[in-house]
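Me: Please take me through this model and set each assigned term against its criterion.

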Amino acid sequence: MSSKEPSYIDDCIDYFKRSFKKEVSSWIALLRYYGLALLIFIVLVIGLIAYLNPISPNKAYLATGQMGSSYKVLAEKFDSYFERSKMDLVLVDSYSRGDGLEKLDQASSPVNASFLTTGSADSSQYPNLESLGSIQYSPIWLFYRGPEIDTDSPMDYFGTKKIAIGLPKTTTQNIFKKLLGDSKNHSIDRPNFYQLSHHDAAEQLLDGKLDAAIIVDGIRSPIVQKLLKSKDINLYSFNLSAAYEKQFPFLSKLIIPKGSLDIERVYPKKDIQLIAPSVILLIEKEMHPVMQWAFLLAAKEVAAESSHFFTKPGFFPAKLDDSFPLSPIAKRFYDHGVPSIFSYLPLSIASFIDRFWVLILSLLAVAFPLHKIYDSFRKIPTEENIGNWNRTLHDCDWVIKYSANQNQIEAAVDELIELEKTIANSFIEESLFGSSFGLRNSIARVKNDGIKKIEVMGKAG
């Protein structure tokens, strides 16, 4: 084949160029004909597409907890689910869940999801955030050295001991302040109160540098597990756990049954009562529904695969807290479960269909009528032009046939020549090609009749 001969690909490219040029010409003609009405319609269509928001982002940013916490482990399990779902989950380090909440609320921060322990904040402080529900319990662990104690108010005993109370603005310190307030000892500015991270508090408690440490975290936290396994460390039992549950609605009473942590050495020696807030997953209100479903499905999968101590499998995620409103997607999840379509289609497509299936069915029902309307919509300008051109042809034909004035006939012929140019430069809808060709043949015939008549009149003159 000669290099100058057009290839099949060149023919295809040329075809698409012609088709694109034709489509552009058709819309220019429609804009000229319909004007402002078509512009308004296009704006409405663009607005509808923006509302439906069918294109989902492929990346989310989740603020994690401090080193050694169960939230760091949980975030990594979420990351694993996102990776298998072909989405990116960026884990953003935060020294506390309070720090993660601030990152989530900052417009300049990319973080759009964060763990939050209930009782730390509410929607009145952060109106632009919504909840996807609780994903685990985060008990209040009060570890201490020395003989076992049995007292109703922990601060009556530990208020004078060297105790780690958590870093500033952390959930642990906020909870500690509530316990202090309950015992009427409000100030944390005491030399025996140490503001330490969970990791540092655990190390110093094990080394004997501290008498006690309060930690708010899940039971699967490596730090909590390390302290539970130490024979030198005891765990405080909240005798008034039921009372705390009544006084603080965000708390739940939990029980560690006798011997459940180590059945061989029967540890603990008796039932231990704990009080626990739950951990909710907060998101920005503007988070795309696909990402919300990804977080919910990840939480469901993690809960199904993880070992459970305080709850039965499948209990989490759950709606346990009202401090933040559930997102509409989360309400759909808790009211009706996971739609069955999610088992058969990619998450992005399944989510879109689930949100707009009524609209999609409606569009399918009117697809054929809409197609007919669209065809008529495109034909109207050409049909009106052909009607006008036929009237001009009719008037010129009448002049050429019945007028005896040579100047009038010449003017009619000139008008027909201009009409041919107008038609040649006008957009013709494809379905009306036959009508346009018939019209052009008629114009040529009438024009030739006029030219012949002018010639005859010239000879006669």
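**Terms and their grounds**

Reply: Phe20, Val24 and Ile28 make a nonpolar surface patch of about 280 Å². The model is predicted, so local features need pLDDT of at least 70 and side-chain atom pairs count only at pLDDT 80 or more, while totals for chains, interfaces and linings use all residues. Residues are numbered from 1 along each chain as its sequence is written, and side-chain values use heavy atoms, with hydrogens and water left out.

Me: What makes Phe20, Val24 and Ile28 a nonpolar surface patch?

Reply: Patches are made of residues with over 30% relative accessible area and no salt bridge; nonpolar side chains (Val, Leu, Ile, Met, Phe, Trp, Tyr) are joined within 5 Å, and like charges within 9 Å. Accessible areas come from the Shrake-Rupley method with a 1.4 Å probe, and for residues only the protein chains shown count as cover. Ile28, at 39%, therefore passes the limit of over 30%. Ile28 is found in helix 1 (residues 8–34); helices (H or I, at least four residues) and strands (E, at least two) are DSSP runs, numbered from the N terminus.

Me: Why is Ile28 called partly exposed?

Reply: Buried means under 20% relative accessible area, exposed over 50%, and partly exposed in between. Ile28 has 39%, so the residue is partly exposed.

Me: How do you know that Asp93 and Lys72 meet in a salt bridge?

Reply: A salt bridge requires a side-chain nitrogen of Lys or Arg within 4 Å of a carboxyl oxygen of Asp or Glu. For Asp93 and Lys72 the N to O value is 2.3 Å, so the criterion is met. The pair links distant parts of the chain, with Asp93 in the loop between strand 2 (88–92) and helix 4 (97–105) and Lys72 in helix 3 (residues 70–84). Asp93 counts as exposed because its relative accessibility is 53%, whereas Lys72, at 24%, counts as partly exposed.

Me: What makes Asp397 buried and Lys401 exposed?

Reply: Asp397 has a relative accessible area of 16%, and is therefore buried; Lys401 has 51%, and is therefore exposed. Their side chains meet in a salt bridge at 3.4 Å, N to O. Both lie in helix 13 (residues 367–402), four residues apart, about one turn of the helix.

Me: Why does the salt bridge of Lys447 with Glu420 tie together separate parts of the sequence?

Reply: The closest N and O atoms of Lys447 and Glu420 are 3.1 Å apart. Lys447 lies in helix 15 (residues 433–460) and Glu420 in helix 14 (residues 406–424), so the pair ties together parts 27 residues apart in sequence. Lys447 is buried because its relative accessible area is 16%, and Glu420, at 23%, is partly exposed. In total, the structure holds nine salt bridges.

Me: How do you know that strand 5 pairs with strand 8 and with strand 9?

Reply: Two strands pair if DSSP finds at least two bridges between them. Five bridges join strand 5 to strand 8, and three join strand 5 to strand 9, so both cases satisfy the rule. Both pairings are antiparallel. Trp141 stands opposite Ile215 in strand 8, and Phe143 stands opposite Leu235 in strand 9.

Me: Why are strand 7 and strand 9 called edge strands?

Reply: The open sheet has five strands in the order 7-6-8-5-9, with mixed pairing. Strand 7 (193–194) and strand 9 (233–235) each pair on one side only.

Technical notes: Buried means under 20% relative accessible area, exposed over 50%, partly exposed in between (1.4 Å probe, protein chains only).
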